[in-house]
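Trainee: Please take one part of this protein and go through it closely. I would like the packing around a single helix, with the cut-offs stated.

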Amino acid sequence: MHKKLIPNLVICLFVGLSGAAVHAQSTPAKKALVARILKAQQPGIESMGRNMAERPAVALLDRAGAVLQEKVAADKREAVGKEIQADVKKYLDESVPLVTNCAVRLAPTTVGPFLEEKFSEDELKQIAAFLESPAFAKYQQASGEMQKILLEKVVTDTRGAVEPKLVALEQTVSKRLGIAPVPPPPAAK
C-alpha cells in the first residue's frame, strides 16, 4: 500500500502544479472576461474611490464641529460653519472625481492581473455571468434597503446596552483630556 501511495502522491502534485500554472496563464479570453468583471464591478470601484476621498473630509468636519462649539463665538458659529461646509464641498467636488476616475483607470492594471492569476478561465466565466445576472443586479439594488433594515434593528436591540457604555467612555476621555464632556445629541422624535 505504501508503494502505491508515493506514485499517486507524485501524480497529484504534478496535476496540482500544472493546474496552478494554468491559472497563472494570461490569455485573450481571460483578459476579455476580466474586462467584463471590472465593468460589472465599476460602481463598486467608484464607490470605493468616493469613500476614500470622503473619509478625511468627514473626519475633518467632525473635528471642526467640536472646535466650532468650543472656540467660536456663538454669534459667528453659523457663518463659520457654512464657510467650512462650502470648503468641504469644494474639496469633494474636486477630489471625488479625481479619486474615482483613478480607481477605475487603475483597476485593469492592478485587479485585472490579480484575477487572471488567481482564477481559471472557467471560474472567470462563472464570476462574469454571476455579476451580469439580473438576479444579482436586483440583489445589489436591494442591498441598501437590507442594510438599513438590519442597522435599524441592531440599533434598537443594542441601544440600551451601548449608550451607557458610550456615555461612560465620553466622560472618561473628557476627564483625561481635562475638558467638559460633550453633551449627547437630543433624542430623535
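Mentor: What follows looks at helix α2 and its surroundings. The model is predicted, so local features need pLDDT of at least 70 and side-chain atom pairs count only at pLDDT 80 or more, while totals for chains, interfaces and linings use all residues. Residues are numbered from 1 along each chain as its sequence is written, and side-chain values use heavy atoms, with hydrogens and water left out.

The protein has 6 helices and 0 strands; helices are DSSP runs of H or I with at least four residues, numbered from the N terminus. Helix α2 spans residues 28-40 and helix α3 residues 42-71; their axes come within 4 Å and cross at roughly 55°. Axes are lines fitted to C-alpha atoms over the stretch in contact, and angles run from 0 to 180 degrees between N-to-C directions. The crossing makes α2 oblique to α3, a class left after under 35 degrees (roughly parallel), over 145 (roughly antiparallel) and 65 to 115 (roughly perpendicular). L38, K39 and A40 of α2 meet Q42, P43 and I45 of α3, where contact means heavy atoms within 4.5 Å.

Helix α2 also enters the largest nonpolar core, which has 12 residues, including L33, V34, I37, L38 and I45. Such a core is a set of buried Ala, Val, Leu, Ile, Met, Phe, Trp, Tyr and Cys residues joined through side-chain atoms within 4.5 Å; buried means under 20% relative accessible area with a 1.4 Å probe, protein chains only. Its largest share, 4 residues, comes from α2. L131, another core member, touches I37, A40, Q41 and F136, not counting residues up to four places away in sequence.

Key
Helix = DSSP H or I, 4+ residues; strand = E, 2+ residues; numbered from the N terminus. Buried < 20%, exposed > 50% of the residue type's maximum accessible area, 1.4 Å probe, protein only.
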